[in-house]
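Thanks, everyone, for making the time; I would like to walk through one model with you, moving from the surface to the interior. Please keep the sequence and the structure in view while I talk.

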Amino acid sequence: MRDLWIRTRSAARRWIKDPTVALYLRATVAATLSYAVAVQLSAEPAPLTAPLTALLVVQVTVYSTLKTSIRRVNSVIVGVLIAIGFSAVVGLSWWSLGLIILASLVVGHFVRVDEFVNEVAISAMLVLGVTRLASQAWDRVLETLIGAGVGLAFNVVFAPPVWVDTAGESIEDLARRARQLLLEIAEELGGPAPVEQAAARLHEARRLDQAIADVDAALRQAEDSLRLNPRVSEGLLSRIVLRTGLDTLEICVVVIRVLTRSLTDLAKRRNGDERLFPSDVTVSLGELLEHVGGALVSFAVLVTTQVSRSAEEAEDRLTAELAAAWAARENVAHQLLRHVQEDPEAWQLYGSVLAEIDRMLDELALEHRSRRLMEELDRASMANAERMDRLGRFAGLRRLARGERRRTAGRKA
C-alpha cells in the first residue's frame, strides 16, 4: 500500500510539472478571471472576447505571454479600425466582405502581428457584421485589453516556472543517446562488419541528428522562461551556457554521423567478410569510443548543472575522460600508422576516423568551451549596449523635439 502511495504521489508530481498541464491550468484560471472582470467593465451582455484573449495570450512563460499579448491586442485594434472605416463608407455585402478580408490580411502582414494575421480579418468581420456603431466596436477592443491584461498580470503575479531543468534533461538525454551509439559501434568492432549493420548505425546517427530539433525546442522554451522572470537573477548567463552547450553537442552529433558514414564505407571496402580494423586496433579503438562517449555525457552534465560544487565534480569527470580519450587516441594513431604501411589503400578512411574523433575531443575541451562562453557573453553585452545606445538617442531626439517646440511657442508668444 505504501509503495502504491509513493508511486501515485510521484506520478502526480510529474503530471503537475508537465509544461502542457501547467499551460492548461494557467490558461483556464486566467480566462475565468478575465471574464469576471469584463462582466463588470464591458457593456456587452456576454463579453467572451476577454476570456478568449486570455486563453490565447497566456503561454508557459512571461516573455511569451507579453509577446503574444502585444500581437493579439494589436491585431484586434487594427481589425476594429478597418471595420469602422469600412462601415462609414459601405455596408455589409459579399463584395465589401471580400474587400475587408483582403485589406485586413494585407494590413495585418505589414503591422507584423505574425500568427495573429487572421485575427485582424476576424475582428473586422465581427465588428462589421454585428454593428456599425463605433462605441460597440470599441467594446471588443476593451475586452481584448482586459483579457490580455489579466493574462499578463496572472503570469507576473504568479510567476511561471523556469524550464531550465526540462531543457537540461533533454540535453543530457541527447548526450546519453550519442554515448550509447558509440558503445554499440565499439562492441561491433570485434567481429565481422556486414554492410547492413554499418548502414543501420548510420541510420541511427541520422535519427540522433534529427532529435536535435526536439532538444532545441525545449531549450527555446527554457530561454523564454528566463526572460522577464522575477525568479531569475542571471538569466543571460544561463541562456548562454545552455545554448553554447547544445551547439557543441550538435557539432559532435554531426561528427558522429560522419564517423558512421566512414565506417559504412570501410565496411563496403571489406565486403563484410572481415573486421573493419585489425584485432589490436579494435580493442584500442573501442576504448577510445567509450571514453569519447563518457566525455559527451560529462560535458552535458557540466553545462546543465546549476550548483557550483556539482559543476566542479562534473568538470573533473570531463577532464579525466578527455585525458583518457586523448591517451587512447594516440595509441590508436600509432597502431593505425603501422597498419597503413602494410595496407596503404586504407589510409584515407583510417585518417578520416581519427580526424572525426579529434574534432569531437576539440569541441569538448574545457579551453574551447571557456573561449566560446566569453565570446558569446561579449557579443551579448555589445548587443545590449547598442540597444541602450539606440534608446538613448531616441530619447534625446524626443527631448530635443520638445525643447524646439517650446522655443517656437515662446517666440510666437
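Let me begin at the surface: which residues make a nonpolar surface patch of about 260 Å²? In this model, which I should say at once is predicted, the patch is made by Tyr35, Val39 and Leu48. Taking one member of that group, Val39 lies in helix α2, which covers residues 19-41, and with a relative accessible area of 38% Val39 is partly exposed.

Stepping back to the chain as a whole, we have 413 residues, of which 43% count as buried, and the secondary structure consists of 15 helices and 0 strands. The accessible surface comes to about 22,500 Å², and 59% of that surface belongs to carbon and sulfur atoms. If we consider the contacts with a separation of 6 or more, residues 24 or more positions apart account for 79% of them.

Now for two individual helices. Helix α12, residues 279-304, has 26 residues and reaches 38 Å from its first C-alpha to its last, which is close to the 38 Å expected at 1.5 Å a residue. Because 20 of those 26 residues are buried, α12 is largely enclosed by the rest of the structure.

Helix α14, residues 347-364, has 18 residues, and its reach of 26 Å from first C-alpha to last is likewise close to the 26 Å expected at 1.5 Å a residue. The buried residues in α14 include Leu349, Val353, Leu354, Ile357 and Leu361, and also the acidic residues Glu356, Asp358 and Glu363.

That brings me to a residue in another helix: is Thr248 buried or exposed? Thr248 has its place in helix α11, residues 235-270, and it counts as buried because its relative accessibility is 4%, against a cut-off of under 20%. Leaving aside residues up to four places away in sequence, Thr248 touches Phe299, Glu363 and Leu364. Of these partners, Phe299 falls within the range of α12, residues 279-304, while Glu363 and Leu364 are among the buried residues of α14.

My last example is Ala324, which lies in helix α13, residues 308-342, and which, at 25% relative accessibility, counts as partly exposed. How far apart are Ala324 and Leu288, in sequence and in space? They are 36 residues apart in sequence and 8.0 Å apart in space, taken from C-alpha to C-alpha.

Definitions and conventions. Residues numbered from 1 in each chain as written. Predicted model: local features only at pLDDT ≥ 70, side-chain atom pairs only at ≥ 80, totals over all residues. Heavy atoms only, no water. Helix = DSSP H or I, 4+ residues; strand = E, 2+ residues; numbered from the N terminus. Buried < 20%, exposed > 50% of the residue type's maximum accessible area, 1.4 Å probe, protein only. Contact = heavy atoms within 4.5 Å. Areas by Shrake-Rupley, 256 points an atom, 1.4 Å probe, with all protein chains shown as cover. Expected span 1.5 Å × (residues − 1). Patch = residues over 30% accessible without salt bridge, like charges linked within 9 Å, V, L, I, M, F, W, Y side chains within 5 Å. Salt bridge = Lys/Arg side-chain N within 4 Å of Asp/Glu carboxyl O.
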